[in-house]
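Reader: I am new to reading structures, and I would like to understand how the words used for helices and empty spaces are justified. Could we take them one at a time?

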Amino acid sequence: MDFLRPTTWAEALAAKADQPEAVPLQGGTDVMVEINFDVRRPPALLDLTRVAELREWTVTGGRCRIGAGVPYRVVVEELGGVLPGLAQAARTVGSPQIRNRGTVGGNLGAASPAGDSHPPLLAGEAVIEVESRERGVRMIPAAEFYLGVKRSALRPDELTRAVHAEAAAGPQYFSKVGTRNAMVIAVCSFAIALDPVRRRVGTGIGSAAPTPRRAEEAEDLLARELDWDARTLDPSLLKWFGRLCAEAAAPIDDVRGTAAYRLHAIDVMARRTLTWAWNDHIGRRAA
């Protein structure tokens, strides 16, 4: 197995162009587990941890750009006020040691349906910046990035460079069900993002379909029916929203949970997170 270790982004793109089969390594929290258990034996590893620009993040004009090498720890500690949904999800990832190594870029590269960062990226309408040496930069909406179980829209010679997302315009929440409280892969997860300015509610479902996905019919329901000036949520609307979120999922039975349980959990988490976010919205409006 070749081990490639570029120190600049240009060198990384050149290495990936010359060896498209090379597997990128950010934190290594997914890739090294697969290698250690002999699930995967790639011909080459492309270690990106020395590419300094991938560890940078900026907020400009209300838009956040997070380099693919920014670890979860930084998302939690420094971006919680800008992207609270993503920060909440990052806080649930593994142990402090894993959060110090693992990255959103690595999560995107793995493209696992259970990846914790995916639902808030979908709910917040994030865009993924990818690049190749030959074709340059592509901007891929998160909703178009996931193609199948551990398959993404990345082409063989492309690398993920950054994630772009608008700073939260309103409350955001992330909820996750697991077999214990910490260091656990999600049985299922759900994210919500309220945007009172655009009067939009974004959603993201994780670990309950072949890919992370939005509950588009549930979003359309709230776009039509939600009264943003009301003090309370209509109980029937809340119930309808939860049901549509569950219907957007397509789970399976596996060792972590049954399809029926996942559908029930998505329904519950959708209603809970919408309630939490709505209460925050009302509190901010009254302040």
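Author: Let us begin with a pair of helices in this model, which is a predicted one: the crossing of α10 and α11 is right-handed.

Reader: What makes α10 and α11 oblique to each other?

Author: Helix α10, residues 235-248, and helix α11, residues 259-286, pack at an angle of about 135°, and their axes are 8 Å apart. Angles over 145 degrees count as roughly antiparallel and those from 65 to 115 as roughly perpendicular, and the angle of about 135° belongs to neither range, so α10 and α11 are called oblique.

Reader: Which residues of α10 and α11 meet?

Author: On the side of α10 they are Leu238, Lys239, Phe241, Gly242, Arg243, Cys245 and Ala246, and these meet Leu263, Ile266, Asp267, Ala270, Arg271, Leu274 and Thr275 in α11. Sorted by class, this contact has eight nonpolar, two polar and four charged residues.

Reader: Why are α9 and α10 called roughly antiparallel?

Author: The axes of helix α9, residues 216-225, and α10 come within 8 Å and cross at roughly 160°. Since angles over 145 degrees count as roughly antiparallel, the value of roughly 160° earns that name, and α9 and α10 are therefore described as roughly antiparallel to each other. Their contact is made by Glu217, Ala218, Leu221, Leu222, Arg224 and Glu225 of α9, together with Leu237, Trp240, Phe241, Leu244 and Cys245 of α10. By class, the residues of this contact divide into eight nonpolar, no polar and three charged.

Reader: Turning to empty space, what makes the largest cavity a cavity, and which residues line it?

Author: The word cavity is used because a 1.4 Å probe fits there but cannot get out. A search of the whole structure finds one cavity of 30 Å³ or more, and the largest cavity, with a volume of about 80 Å³, is lined by Leu83, Leu86, Pro120, Leu121, Gly124, Ala126, Ala165, Glu166 and Gln172. The elements that give two or more residues to this lining are α7 (118-123) and β10, and the lining residues divide into six nonpolar, two polar and one charged.

Reader: How do you know which element gives the most to the lining of the largest pocket?

Author: A residue counts as lining when it has an atom within 4 Å of a point of the pocket, and α6 gives the most, with five residues. The largest pocket holds about 1,400 Å³ of space and is lined by 49 residues, of which Asp30, Val31, Gly106, Asn107 and Ala110 lie nearest its centre. By class, the lining of the largest pocket has 23 nonpolar, 15 polar and 11 charged residues.

Terms used:
Residues numbered from 1 in each chain as written. Predicted model: local features only at pLDDT ≥ 70, side-chain atom pairs only at ≥ 80, totals over all residues. Heavy atoms only, no water. 1 Å grid on protein atoms, 1.4 Å probe; cavity = no way out; pocket = protein on both sides within 12 Å on 5 of 7 lines; lining within 4 Å. Points joined across faces, edges and corners; volume = space filled by probe spheres on them. Helix = DSSP H or I, 4+ residues; strand = E, 2+ residues; numbered from the N terminus. Nonpolar A, V, L, I, M, F, W, Y, C, P; charged D, E, K, R; others polar. Axes fitted to C-alpha atoms, helices over the stretch in contact; angles between N-to-C directions. Parallel < 35°, antiparallel > 145°, perpendicular 65-115°, else oblique. Left-handed = near helix turned anticlockwise from the far one by under 90°. Contact = heavy atoms within 4.5 Å.
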